[in-house]
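Please open the model in your viewer with the cartoon and the side chains both available, and follow the stops below in order.

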Amino acid sequence: MSNVLLWFPRVALDDCNIEGFEIKKGWHANIDSTCIHYDPALYKDPMQFNPSRFDDMQKPYSYIPFGSGLRTCLGINMAKVTMLVFLHRLTSGYEWTVDDPDPSLEKKAHIPRLRSGCPITLTVLQDE
């Protein structure tokens, strides 16, 4: 899974200073969510596939696949429920065999993917 928007365009409402950079009112700025999601200051080993990194509470605005604030994607809750149903059906209806367990990600790309492609074999579980 990855963020739908790779960056979020915004307009500065007031003059401000962010980490030494002066931003003037009316300037256009793009928030690069991909760089945020790969930031080693926020995530240990960001290039490693590690879903458990999200088990603990995250720093605000450190994970923004659906945007943030007033402009958060309206479909966020529907997307979460859809993924929950999909994953439930996929994990409870099939036996999984991972054919290549290498967890390393490809060199930084906009859409993260495992180097191996994570080949798996699914076998339908039979009702008894």
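Helices and strands are here DSSP runs, helices being H or I runs of at least four residues and strands being E runs of at least two, numbered from the N terminus. With that naming, select I111, which lies in the loop between strand 5 and strand 6. Keep in mind throughout that this is a predicted model.

**The whole chain**

Before going further into single residues, zoom out and colour the protein chain by secondary structure, which comes to two helices and six strands. Read from the N terminus, the elements run β-β-β-β-α-α-β-β. Turn the C-alpha trace along its principal axes, and its span is about 65 × 30 × 25 Å. The radius of gyration of the protein chain is 19 Å, whereas a compact globule of 128 residues would have one near 14 Å. Colouring by accessibility will show that buried residues make up 16% of the 128 residues. If you display the surface, the protein chain exposes about 10,400 Å², of which carbon and sulfur atoms supply 60%. Among contacts with a separation of 6 or more, those between residues 24 or more positions apart account for 48%.

**Back to I111**

Return to I111 and add T34 to the selection: these two residues are 77 apart in sequence, yet their C-alpha atoms are 8.3 Å apart in space. Is I111 buried or exposed, or somewhere in between? I111 counts as partly exposed, because its relative accessibility is 47%, and the partly exposed class runs between the buried limit of under 20% and the exposed limit of over 50%.

**The nonpolar patch**

Next select Y94, W96, V98, I120, L122 and V124, which make a nonpolar surface patch of about 490 Å². Strand 5 (94-98) and strand 6 (120-124) each supply at least two residues of this patch. Stop at V98, which is found in strand 5 and counts as partly exposed because its relative accessibility is 46%.

**S62 and Y61**

Now move to S62, in the loop between helix 1 (33-37) and helix 2 (76-92). S62 counts as buried because its relative accessibility is 3%. Which residues is S62 in contact with, leaving aside its neighbours within four places in sequence? Show I36, H37, L42 and Y43, since these are the contacts of S62 on that basis. Then show K59, whose backbone oxygen lies 2.6 Å from a polar atom of the side chain of S62.

Select Y61 in this view; Y61 also has its place in the loop between helix 1 and helix 2, but Y61 is exposed, because its relative accessible area is 57%. Phi of Y61 is near 65 degrees, a positive value in a residue other than glycine. Most residues other than glycine have a negative phi.

**E19 and the salt bridge**

A second positive phi can be found at E19, where the angle is near 50 degrees in a residue other than glycine. The place of E19 is in the loop between strand 2 (16-18) and strand 3 (21-23), and E19 is exposed because its relative accessible area is 79%.

Finish by selecting E22 and K24, which form a salt bridge with their closest N and O atoms 2.6 Å apart. How many salt bridges does the structure hold? The structure holds one salt bridge. Its partner K24 is partly exposed, because its relative accessible area is 33%.

Terms used. Residues are numbered from 1 along each chain as its sequence is written. This is a predicted model: local features need pLDDT of at least 70, side-chain atom pairs count only at pLDDT 80 or more; totals for chains, interfaces and linings use all residues. Side-chain values use heavy atoms; hydrogens and water are left out. Patches are made of residues with over 30% relative accessible area and no salt bridge: like charges are joined within 9 Å, nonpolar side chains (Val, Leu, Ile, Met, Phe, Trp, Tyr) within 5 Å. Accessible areas come from the Shrake-Rupley method with a 1.4 Å probe; for residues, only the protein chains shown count as cover. A salt bridge is a side-chain nitrogen of Lys or Arg within 4 Å of a carboxyl oxygen of Asp or Glu. Buried means under 20% relative accessible area, exposed over 50%, partly exposed in between (1.4 Å probe, protein chains only). A polar contact is a pair of N or O atoms within 3.5 Å; within protein, one must be able to donate a hydrogen and the other to accept it, and residues adjacent in sequence count only if both atoms are side-chain atoms. Contact means heavy atoms within 4.5 Å. The radius of gyration is taken over C-alpha atoms; the globule rule is 2.2 Å times the number of residues to the power 0.38.
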